[in-house]
Amino acid sequence: MGSDPYGAGAAMGVADLTAGDRACGAAGSGDLMPQAVAAARRLLGARLTSWRGDPAEQVVVRITEAEAYAGPDDPASHAFRGRTARNAAMFGPPGHAYVYRHMGLHACFNVVAGPEGVPTAVLIRAGEVIAGASVARERRLARGALRRECELASGPARLTVALGITLADTGAPLDGRAGLLLTLGEPLPDRLISAGPRVGVGSAREVRARFWITGDPTVSAYKPAPPPKAPRSAPPPGNR
């Protein structure tokens with residue numbers, strides 16, 4: 001990395017990611033999912049770099065799996081019912097981080113992908129550590145077992161641990177000023193991208209908004225949400 005790690009290249013990358021959103025519909029119009037999907041696909045192969053104070057602890061991940069969430073047009077989105085203190089970062093501006101805690105345990109990192117005021121975001125589910133593997137490995141081992149090298153950043157919780165991302169990073173710009181840099185490469189051809197339902201999502205479970213690089217060993221395992229419970233039937237009249 002050169003003397004200006006968050007210069008013009010990073011800014012151009014974020015602008016490229018969100019360019020298509022300028023034509024998207026208003027929040028709640030039903031037009032946001034195609035824009036969120038396009039952003040998720042575009043992020044595959046992008047590089048996410050973190051440095052947490054010490055430049056020697058830089059870690060770089062190549063994104064291999066991502067999920068799209070379309071705000072008020074998506075029942076699975078944290079912003080489906082509007083703005084709260086927890087999801088405020090989803091409302092922009094684009095090119096910033098939205099980090100939340102899942103089940104009170106794990107930090108999950110999202111790229112805000114819609115124009116300001118329109119809460120679309122992409123959950124980064126997995127990546128390949130391409131630089132700083134020793135730092136990522138030390139962080140992962142400090143939090144638990146590590147069975148295989150390809151699992152360093154496989155899954156959203158493992159990815160944030162490997163990169164040193166915490167809840168304090170929510171709202172941070174992804175241009176390097178806050179120690180997080182998103183850099184887009186060339187878009188991947190469709191033949192290299194697979195799609196399917198999102199992991200563990202109970203609402204809109206049939207929506208194919210999860211994308212991954214086909215055959216990449218760092219992609220996380222798919223786990224559907226438990227099926228909804230059947231409504232309890234009324235007891236027979238004689239047992240009331």
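Here are some worked exercises on salt bridges, burial and helices in the structure above.

This is a predicted model, in which local features need pLDDT of at least 70 and side-chain atom pairs count only at pLDDT 80 or more, while totals for chains, interfaces and linings use all residues. Residues are numbered from 1 along each chain as its sequence is written, and side-chain values use heavy atoms, with hydrogens and water left out.

**Exercise 1.** Find how many salt bridges the structure holds, and describe the one between Asp169 and Arg52.

*Solution.*
- Step 1: Start with the idea that side chains of opposite charge can pair when their charged atoms come close.
- Step 2: Use the cut-off: a salt bridge is a side-chain nitrogen of Lys or Arg within 4 Å of a carboxyl oxygen of Asp or Glu. The structure holds twelve salt bridges.
- Step 3: Check the pair. The closest N and O atoms of Asp169 and Arg52 are 2.8 Å apart.
- Step 4: Place both partners. Asp169 sits in the loop between α4 (156-163) and β6 (180-183), and Arg52 in the loop between β1 (47-50) and β2 (59-69), so the pair links distant parts of the chain, 117 residues apart. Helices here are DSSP runs (H or I, at least four residues), as are strands (E, at least two), numbered from the N terminus.
- Step 5: Judge burial (buried is under 20% relative accessible area, exposed over 50%, partly exposed in between, with a 1.4 Å probe and protein chains only). Asp169 is buried at 8%, whereas Arg52 is partly exposed at 24%.

**Exercise 2.** Describe the salt bridge between Asp216 and Arg62, and say which parts of the chain it ties together.

*Solution.*
- Step 1: The closest N and O atoms of this pair are 2.7 Å apart.
- Step 2: Asp216 lies in the segment after β8 (210-213) and Arg62 in strand β2, so the salt bridge ties together parts 154 residues apart in sequence.
- Step 3: Asp216 has a relative accessible area of 15% and is buried. Arg62, at 23%, is partly exposed.

**Exercise 3.** Are Arg125 and Glu65, which meet in a salt bridge, buried or exposed?

*Solution.*
- Step 1: Their side chains meet at 3.1 Å, N to O.
- Step 2: Arg125 belongs to strand β5 (residues 121-131) and Glu65 to strand β2, with their positions 60 residues apart in the chain.
- Step 3: Arg125 is buried at 8%, and Glu65 is buried at 0%.
- Step 4: Now look at a network: salt bridges that share partners join Arg62, Glu128 and Asp216.

**Exercise 4.** Explore the surroundings of Arg139 in helix α3.

*Solution.*
- Step 1: Arg139 counts as buried, with 16% relative accessibility.
- Step 2: List its contacts (heavy atoms within 4.5 Å). Beyond neighbours within four places in sequence, Arg139 touches several residues, including Ser50, Arg52, Glu57 and Leu163.
- Step 3: A polar atom of the Arg139 side chain lies 3.3 Å from the backbone oxygen of Leu163.

**Exercise 5.** Compare the span of helix α2 (residues 32-43) with the expected value.

*Solution.*
- Step 1: The expected span is 1.5 Å times one less than the number of residues.
- Step 2: With twelve residues, α2 reaches 17 Å from first C-alpha to last, close to the expected 16 Å.
- Step 3: Buried residues of α2 include Leu32, Met33, Ala36 and Leu43.
- Step 4: Just after α2, Gly45 takes a positive phi of about 90°.

Note on methods: A polar contact is a pair of N or O atoms within 3.5 Å; within protein, one must be able to donate a hydrogen and the other to accept it, and residues adjacent in sequence count only if both atoms are side-chain atoms.
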